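This report describes a protein model and takes its parts one at a time. Please look at the structure first and then read on.

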Amino acid sequence: MFFPLGITSPGGRERSSSFSMKTTSHVGYFFIVPALVYVLFFGVYPLIYNFILSLKEVTLITYMSGTSPWVGLANYWQTIKDVVFQRTFTNTLLFTSLSLAFQFLIGFFLAILFNRSFPLKGLLQSLIMIPWVLPIIVSGSFFRWFFSDRGMVNGFLLAWDFIDKPIPWITSQKLPIFAVTLANIWLGIPFNFVLLYTGLRAIPIELFESADIDGANWWQRIAFITFPVLRPVIITTLTLGCIFTVKVFDLVWIITQGGPGDVSHLLSTLSYSWAFNKFHFGRASSVLVIMLSLVVSLTVLLNSIRSEGE
Amino acid sequence: MKGGKYVKRFILTFLVLSLGVAVSIGTVAVAQEKVTITVQDYFDPAGGMAKFIDEMAVEFERNHPEVKINHVYIPFAQLLPTILQQSLTRTVPELTMADNPWVPQLIKAGTYKDITDQVKEWGWENWEDFFKGHRELTSANDRIYAFQITTNNLALFYRKGLLEKAGIANPPETWQELKEQSQKIKEALDIYGFAFCATASEEGTWQFEPFLWSNGGSLLELDQPEAIEALQFLTEMVVAGYTPRDIVNVSGQGDVTQWFMNAEVAMMVNGNWEFGWHLTEDVMQQLGDVAVATLPVPQKGMRPVVPFGGECFGISGNIDPAKFDLAWEFLKILGSSDTMLRANIKHGGLPTRASAAGKILAEKPILKPFLDQAQYALPRPLVGGIDKYPDISSTVWVAVQKALTEMATPEEALKNAASAIREIFSAEEYEMYKNMARELLAEARGK
């Protein structure tokens with residue numbers, strides 16, 4: 001896992017000043033060896049290997065015998081031409097943007113709500129964390145049942161006569177991607193809530209008190225104090241959320257397996273399916289490279305917004 | 001130089017400790033210098049087959065005190081990726097199991113060792129005792145590479161009690177009867193008459209194949225009327241509400257069995273492994289009315305043509321020559337008629353050798369429909385483009401799902417699939433595989 005946010009070790013600069021540079025520089029190299037080896041083996045090597053695979057035609061047989069021919073960018077061209085890929089790309093954008101927007105908004109308002117005291121606050125706060133605590137296999141299986149034709153949602157709607165036949169949440173062409181997005185929003189709320197709530201707690205109460213004296217209303221306090229002060233936290237939350245969301249795999253795989261009829265794939269599930277269902281390792285790798293480019297460009301975009309503000 | 005001293009001390013401690021660890025590992029290794037034969041499979045460690053292999057291993061170790069059998073479990077979804085990695089690093093375990101559709105590819109890729117000479121020595125009659133489809137699957141160019149030790153196929157499970165309540169005396173024999181009975185069940189009991197599994201995985205294709213093949217359709221000619229009719233029939237069942245649309249989203253065939261056990265559906269397509277999984281003897285007694293029939297066919301008098309499933313074991317292509325004889329010894333035990341019979345009784349599977357198949361019926365009469373169908377059951381890769389089968393299969397399940405959820409008509413869905421499948425092959429290859437499939441299908445249908 002990389003940290004594209006440019007996280008540096010806290011206090012790194014101070015320590016180098018208290019020791020003399022001459023002795024510590026070598027010691028320093030010694031200490032980064034484990035991390036370096038780890039990153040090289042588990043980060044850089046797979047990345048490069050994946051990129052190489054994406055430039056070859058790799059099937060099960062050529063993969064094992066090591067005789068995969070180079071095909072240049074043919075995998076990318078075929079992938080981009082593929083209708084299933086095009087829909088999957090749109091799905092991923094839709095899934096990511098909707099998830100980020102709603103997770104953030106809901107998390108933000110919950111954080112504001114919990115920033116004041118009220119009865120049972122502690123209990124409710126831990127209840128909010130439930131989605132985060134549950135293993136995805138549990139929540140995923142639950143959502144599959146929740147959205148199925150004879151599941152809970154349809155059961156309620158039918159019982160209250162809102163509909164006369166079940167809505168095909170995950171058994172139709174258009175709805176499944178929204179159903180899995182909804183599930184993902186639910187899963188992501190605690191993450192947004194925790195980060196924003198922590199950020200909110202750090203705002204000095206005096207700022208709000210003086211705003212109150214100046215006669216600011218609720219909206220004005222949010223817009224002119226909370227938002228500007230929280231800005232770095234907000235952007236970090238969104239950036240991390242973005243990385244986590246683009247690479248979601250398990251949730252969709254458990255709920256729909258990318259189906260029915262390939263309509264609910266994300267880039268990650270499509271890549272897996274091409275690799276391990278069809279054994280087109282080359283094309284599957286090209287999908288991953290495209291997915292990675294998407295994550296990196298979105299992160300760069302958010303990072304540039306952050307540095308602009310600083 | 002304070003920092004330097006700490007570093008030296010650290011390095012010294014580290015060296016002393018690691019030396020100590022290395023020495024002790026060495027001593028332990030010398031103490032138990034045994035030949036290890038690793039057996040790798042995805043059989044559920046709590047299930048009948050895995051336990052049986054464990055028993056065999058204990059027995060084998062008793063007879064060969066110098067040998068240690070190491071039985072390794074890898075979950076189904078991880079087994080093929082694991083074999084791939086092992087092939088690259090030439091560390092495929094001595095005895096490696098694979099699901100039968102992968103076997104032709106693994107043979108081509110050199111994962112398995114040629115055991116033809118050993119089989120000849122053992123006695124050719126042993127090989128000929130295996131049913132034809134299993135022999136064809138585990139051999140290539142007249143050389144033998146593996147044994148299929150268990151098989152299964154699909155039949156129609158039904159709840160007698162529910163059928164009787166709906167005024168039905170006998171299970172359906174034709175598609176038309178299946179539809180009519182499902183309608184009766186829906187009207188009388190307000191439950192689903194019929195369910196199968198149409199999930200986005202090999203299981204989805206595998207459950208479509210009996211309908212396709214029994215109607216004379218081929219995976220390589222999906223745009224033909226025989227194929228379209230088959231999917232049309234299944235789609236009508238879903239659209240009419242006789243079959244739940246949720247079949248496209250079940251996590252596997254086991255989910256359908258849950259509905260069946262809960263009396264939410266009266267009839268289902270499923271495999272004989274269910275007797276070793278959900279429908280164990282105590283559950284069967286509790287339900288009291290579960291019965292099995294051969295799958296309904298398009299017209300009376302036709303044969304139900306089903307795909308066969310099951311697992312194969314072979315010896316690794318990269319095996320240490322010193323271990324080969326021992327590995328073959330163990331494989332021979334797994335492939336012998338008597339072991340196969342005992343293993344499959346525990347596993348809920350069907351034996352792949354004629355001599356064992358005859359005997360299992362006396363033990364488990366409920367397996368009769370499966371055994372009847374097993375005679376003509378087809379190996380999926382051989383009627384689906386051999387090593388391109390996984391690719392074809394994933395195209396097929398997508399088409400099936402599209403039709404069942406009415407995203408496309410059966411005709412549109414299958415025509416698209418057919419043209420996608422044609423693109424996988426060169427024109428020559430396509431002709432060859434298509435004709436091969438035609439021949440095998442005609443033979444299986446008895447026409």
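## Two sheets in chain B

In this predicted model, four strands of chain B make an open sheet with the order E8-E9-E7-E10 and mixed pairing. Its edge strands are strand E8 (192–195) and strand E10 (290–293) of chain B, each of which pairs on one side only. On average, neighbouring strands of this sheet are turned by 25 degrees against each other, direction ignored.

Strands of a sheet pair through backbone hydrogen bonds, and the pairing is either parallel or antiparallel. Strand E7 (residues 154–159) of chain B and E10(B) run antiparallel and are joined by four bridges. Opposite B:Tyr158 stands B:Ala291 in E10(B). A helix also lies across this sheet: helix H12 (residues 253–261) of chain B crosses E7, E8, strand E9 (265–271) and E10 of chain B. The angle between helix H12 and E9(B) is about 150 degrees.

Chain B has another open sheet, made of five strands in the order E2-E1-E3-E12-E6, and the pairing there is mixed. Strand E2 (67–73) and strand E6 (146–148) of chain B stand at its edges with a single partner strand each, so one side of each has no neighbour in the sheet. Neighbouring strands of this five-stranded sheet are turned by 20 degrees against each other on average, direction ignored. Within the sheet, strand E1 (residues 35–41) and strand E3 (residues 95–99) of chain B pair in the parallel sense over two bridges. B:Val39 has B:Leu95 in E3(B) as its bridge partner.

## A pair of helices in chain B

Two packed helices are described by the angle between their axes and the distance between the axes. For helix H14 (residues 321–335) and helix H15 (residues 337–347) of chain B, the angle is about 65 degrees and the axes are 5 Å apart. H14(B) brings B:Ile333, B:Leu334 and B:Gly335 to the contact, and H15(B) brings B:Ser337, B:Thr339 and B:Met340. By class, the residues of this contact are three nonpolar, three polar and no charged.

## Where chain A meets chain B

How many residues does the contact take from chain A and from chain B? It takes 33 residues from chain A and 40 residues from chain B. The area buried between the two chains is about 3,200 Å², and carbon and sulfur atoms give 61% of it. In chain A, the residues that lose the most area to chain B are A:Ile61, A:Met64 and A:Arg150, together 23% of what that side buries.

Between chain A and chain B there are 12 residue pairs in polar contact, both residues being at pLDDT 80 or more. On the side of chain A that touches chain B, the elements giving two or more residues are helix H2 (21–54), helix H3 (60–65) and helix H14 (267–276) of chain A. This side of chain A has 17 nonpolar, 11 polar and five charged residues.

## Salt bridges

Five salt bridges are counted between chain A and chain B, and the count over all chains is 27. The table gives two examples.

| Nitrogen side | Oxygen side | Closest N and O atoms |
|---|---|---|
| A:Lys278 | B:Asp391 | 3.3 Å |
| B:Lys179 | B:Glu236 | 2.4 Å |

In the pair within chain B, B:Lys179 lies in helix H9 (residues 175–189) and B:Glu236 in helix H11 (residues 225–239), so this salt bridge ties together parts that are 57 residues apart in sequence.

## Backbone details in chain A

Most residues other than glycine have a negative phi, and most peptide bonds are trans. Two places in chain A depart from this pattern. A:Gly259 and A:Pro260 are joined by a cis peptide bond, with omega about -10 degrees. A:Pro260 is placed in the loop between helix H13 (250–255) and H14 of chain A.

The other place is A:Phe279, which is not a glycine but has a positive phi of about 60 degrees. A:Phe279 belongs to the loop between H14 and helix H15 (281–309) of chain A.

Notes. Residues are numbered from 1 along each chain as its sequence is written. Chains are lettered from A and ligands numbered from 1 in the order in which they are written. This is a predicted model: local features need pLDDT of at least 70, side-chain atom pairs count only at pLDDT 80 or more; totals for chains, interfaces and linings use all residues. Side-chain values use heavy atoms; hydrogens and water are left out. Contact means heavy atoms within 4.5 Å. Buried area is the accessible area (1.4 Å probe) that two parts lose on being put together, summed over both. A salt bridge is a side-chain nitrogen of Lys or Arg within 4 Å of a carboxyl oxygen of Asp or Glu. A polar contact is a pair of N or O atoms within 3.5 Å; within protein, one must be able to donate a hydrogen and the other to accept it, and residues adjacent in sequence count only if both atoms are side-chain atoms. Ala, Val, Leu, Ile, Met, Phe, Trp, Tyr, Cys and Pro count as nonpolar, Asp, Glu, Lys and Arg as charged, and the others, Gly among them, as polar. Two strands pair if DSSP finds at least two bridges between them. Axes are lines fitted to C-alpha atoms, for helices over the stretch in contact, and angles run from 0 to 180 degrees between N-to-C directions.
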